[in-house]
Amino acid sequence: MSTILDSKIPEGPLAEKWTNYKAHQKLVNPANKRRLDIIVVGTGLAGASAAASLGEMGFKVLNFCIQDSPRRAHSIAAQGGINAAKNYQNDGDSVYRLFYDTIKGGDYRAREANVYRLAEVSNNIIDQCVAQGVPFAREYGGTLDNRSFGGAQVSRTFYAKGQTGQQLLLGAYSALSRQVNKGTVQLYTRREMMDLVIIDGRARGIIVRNLVTGELERYAAHAVVIATGGYGNTYFLSTNAMSCNGSAAVECYRRGAYFANPCYVQIHPTCIPMHGSFQSKLTLMSESLRNDGRIWVPKKLEDAKALQAGTKKANDIPDEDRDFYLERRYPAFGNLVPRDVASRAAKERCDKGYGVNNTGLAVFLDFKYAIDRLGEDVVRQRYGNLFQMYEEITDENPYKTPMMIYPAIHYTMGGIWVDYELQTTIKGLFAIGECNFSDHGANRLGASALMQGLADGYFVLPYTIQNYLADQITVPRFSKDLPEFEEAEKNVRARIDKLMAVQGDETVDSIHKRLGNIMWEFVGMGRTKEGLQEAIKRIEAIRKEFWTKVYIPGEKTGMNTELEKALRVADFIDMGELIAYDALHREESCGGHFREEFQTEEGEAKRDDANFSYVACWKYKGGGEAPEMVKEDLNYQFVKVQTRNYKS
Amino acid sequence: MWLSSSTIGRKVVMSISGLFLILFLTFHVCMNIVALISADGYNAVCRFLGANWYALVGTLVLAAGFFVHIIYAFWLTMQNRRARGSERYKVVDKPKSVEWASQNMLVLGIIVIGIACFHLYHFWYNMQLQEILGNETVNVAACAVGAGQALTNASVHDGYAFIAATFSNPVVVVLYLVWFVALWFHLTHGFWSALHTLGWNNNIWFNRWKVIANVYATIVCLGFAVVAIAFYFKSL
Amino acid sequence: MEKTINFTLRVWRQKDAHSKGYFEDHQMEGISGDTSFLEMLDILNERLVKEHKEPIVFDHDCREGICGMCSLYVNGHPHGPEGGCTTCQLFMRKFEDGSTITVEPWRSAGFPVIKDLMVDRSAYDKIMQAGGYVSVNTGAAQDANAILIPKKVADEAMDAASCIGCGACVAACKNGSAMLFVAAKVSQLALLPQGKVEAARRAKAMVAKMEELGFGNCTNTGACAAECPKCVSLSNIARLNREFIKAKLAD
């Protein structure tokens, strides 16, 4: 191995690292901030909060988003809540406990210092959001209310109805809007990042495609921040929005940024099951439902058969014939086990033939018991909007019949490798939010994504980026006519021309669907060596098919939605392959990555800390060549690494 | 000036002028009811509202109220049509909770004002204006076209005679009834909408105001209509 | 078996902002009732691309009713006749077999058409930029529980804040007025103590910007609230009026 990865973790005790870092980092004085430009790609929780905070500090920020408004970013769809170690409920919560739960939930594959910092700033996030006017749920006394989420034994989740992500994003969006008004942030909407421009080894600009005019545009800056979310849509069907894509991250990867732990993909247990081949996306039902809903399948196989055939209904099966398998297997956490555990348990039951809908790929989430215990009104108050949404989609009333749920791709823990400062292996390129890999290890706990996005954007990056920019104050603004910009734009243009020239007979979506099927079947919830090898072979075939058979109507100028999709799918194919490579190399089961060869007799994940306690970072080697893997060892100094136990 | 330069300001002008006109209508209907009870009483009111300085000032203020309300209505409508854009929807299907009146306030207003001109000729041109001009009597025949009755000159203070003459004509009565219906629709929306625009509304009062508006509009319009019909029957 | 339906889809096509638009008819057959309206358009687009025609362009993203991106005027209603939901949460089981379904873009001077059914709603961003925020810098906040807010107030603010910025209110309004959108934001922040400090400035700035961008005057028809996919209440407009008038009188 030629490269040594320096994660730049500050010295000192865990609890003092961040304080020490801030005390000793380099800063940029206000007069110089005005002379420094920062590009922020993405306007989700991480992007918008970063752009707003950097703007407030006095930097000149260029902020890009793919939709018509920053407020559309998919952070908006997060339902359940955001964690913070406030201990307002007096149930024994603390920064250390949030840190510990996150590390444990991540199956001991996250970096301690990063996670501790995350837990530390979590409280500031709540304060900040309340000050912005985020209408969190409150108690009658006027204080903030909390609920509990999977993987925790305390109630530390703050929420705003079932629309927490929306409210937090609108908070960040309003802070961003304020800066746009002040002129510190320039907003560029309906623009998609196409390439990263590197000058003398440092990220200095981007090429974007204006989605309305189809023109390529160049933007230069002293630093580039990508906050472009995850790559879950590689699987075609996921809970991600239609325009979520991994392209910006893949472009950075191609330009030399390492991609870390791509195989850690979160499969969320409570999604509405698939209903047909025309389906465009899967809808998530908030994890908060597991607070009061009980998950079950029939005990008897003949009951399951009858449910699948439609001859029996859920309510025909008496309590004693119901298998509350999460409560049975994990008595201590019951229905509130972490997502990876709950998902696998559902798959295990369905694989054994106990699935409860016509496809056999669903389990029940039953509120009958909660309604008996609390009354329908209380249940309606807590989950009313979620129930309504479920009924709209499925045409079934969850107050009367149990909901049906099944796991679906939801979040990607893997992402661009970053050091403690959130800087990638390319100098001057930073990655924040879901698109980096840093805080969730192999599995993310519920209500932690919002926390991480805002932590990165409000409280971490605005500090750490100064440590980089302090050296850049004498660097003048860059001309967009430099050969590096020319070259990058030419590359993009060539790629678009190549795609437009294929003129085959397959639609972009049909190829994407096939890629998704391969990913779900072989690189999904249960992975095997043979399956992954097969997947790599098949993805290669898909790539060939894509570049020879895809058909894109219309022109490359003007708005062309098929061309947009095609450019993304081309990157999804590369991304899918990378996920498969990583999953193949990681011969252990941990968090969202489950290799069927590596499990205990009870079917629990079997981790291999002796051989795999590291971050797998993938380095791009050019078209056609397999990527090279570089390791960042995870030295646990403060937490004792154990087997995750949610049973007792 | 924010009352003309801002969208809410313009609406405030509409509301206040509208509420002022509602107040006027309230007095007017009370006065009309007097005519049902006592001819002398009604004429006393008429004399009171003759060419006296205070009545003239009142008339001018009232005219200004009308004028502002109408000018602003056209102004707002023009702006709103422009804001709607050049292309119109092919299919339009209004939600049930949207009152018909609320979407047709201008049309209703034009009907109201059109017939009001007719009304002004009957009861203002012939009464207060003639009094200002110094005429003591007018021929009430002009008020009762087609009525098969012998009509003579009446004193400009004899409002009762004017009412009797005017509503002896069934065509005029029908026209007035159409007017009151249009007014009813205009008031049902106008009343609560004015309060809403002034910010005097919330989730609880929302339906209350609507009910009050309906009740109020019904009382006023019924009051007017009763007088008109009663005098028609008296004339038979 | 689940219901499948056949129908005629009459859809607005327009090459770009400056071109003249027209309606185009498509026969749709065997569409399952569980298909969402947007998935139905996906099916049609897939067919169009296979026939080497340009697909119908429409805005869409999260497809779970929260991003506010989808914006179709279906059978005379923004987001379709169902009410209380966005176009992406509208399912084909709600339509009659054999019917004609007419799909148009939002039509309003404030939202010019970009292509086909896609419109430009950047005006909403500009209104927000004019004052739709609490002026607090990152890191300047006090402890979250230091401000006590009665549950009722917080809930009311939350109801106002549930606006998704889709523009259905403008699309539904015969006056092309954006009052409900502005009112929702002004209400949310005027209700909460954090936002009260600059409530007057906010109301004035947002209303002025709305007007500058060519939106119409509110005549309280209530179509906006009736068509709002998130059921944002009309009483927010009264609150906005109150805030605005108070601010102007104080000047």
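# Tour: the B–C interface, then Asp93(A)

Select chain B and chain C: 41 residues from chain B and 51 residues from chain C make up their contact. This is a predicted model. Together, chain B and chain C bury about 3,500 Å², and carbon and sulfur atoms account for 54% of that area.

Next, display the charged pairs across this interface. The count between chain B and chain C is one salt bridge. To see a salt bridge here, select Arg10(B) and Glu211(C), whose closest N and O atoms lie 2.1 Å apart. Polar contacts between chain B and chain C come to 30 residue pairs, with both residues at pLDDT 80 or more.

Now keep only the side of chain B that touches chain C. The elements of chain B that give two or more residues to this side are α1 (2-5), α2 (7-37), α4 (53-84), α5 (100-103), α8 (170-197) and α9 (203-235). Colour this side of chain B by residue class: 13 residues are nonpolar, 18 are polar and 10 are charged.

Move to chain A and select Asp93(A), in the loop that runs between β3 (82-83) and α4 (95-105) of chain A. Is Asp93(A) buried or exposed? Asp93(A) has a relative accessible area of 6%, which means that it counts as buried, the cut-off being under 20%.

Add Arg156(A) to the selection: its side chain is in polar contact with the side chain of Asp93(A), at 2.9 Å. Finally, show the other surroundings. Leaving aside neighbours within four places in sequence, the residues in contact with Asp93(A) are Ala84(A), Ala85(A), Asn87(A), Leu98(A), Val154(A) and Arg156(A).

How values were computed. Residues numbered from 1 in each chain as written. Chains lettered and ligands numbered in written order. Predicted model: local features only at pLDDT ≥ 70, side-chain atom pairs only at ≥ 80, totals over all residues. Heavy atoms only, no water. Contact = heavy atoms within 4.5 Å. Buried area = accessible area lost by both parts, 1.4 Å probe. Salt bridge = Lys/Arg side-chain N within 4 Å of Asp/Glu carboxyl O. Polar contact = N/O pair within 3.5 Å; in protein donor to acceptor, adjacent residues only side chain to side chain. Helix = DSSP H or I, 4+ residues; strand = E, 2+ residues; numbered from the N terminus. Nonpolar A, V, L, I, M, F, W, Y, C, P; charged D, E, K, R; others polar. Buried < 20%, exposed > 50% of the residue type's maximum accessible area, 1.4 Å probe, protein only.
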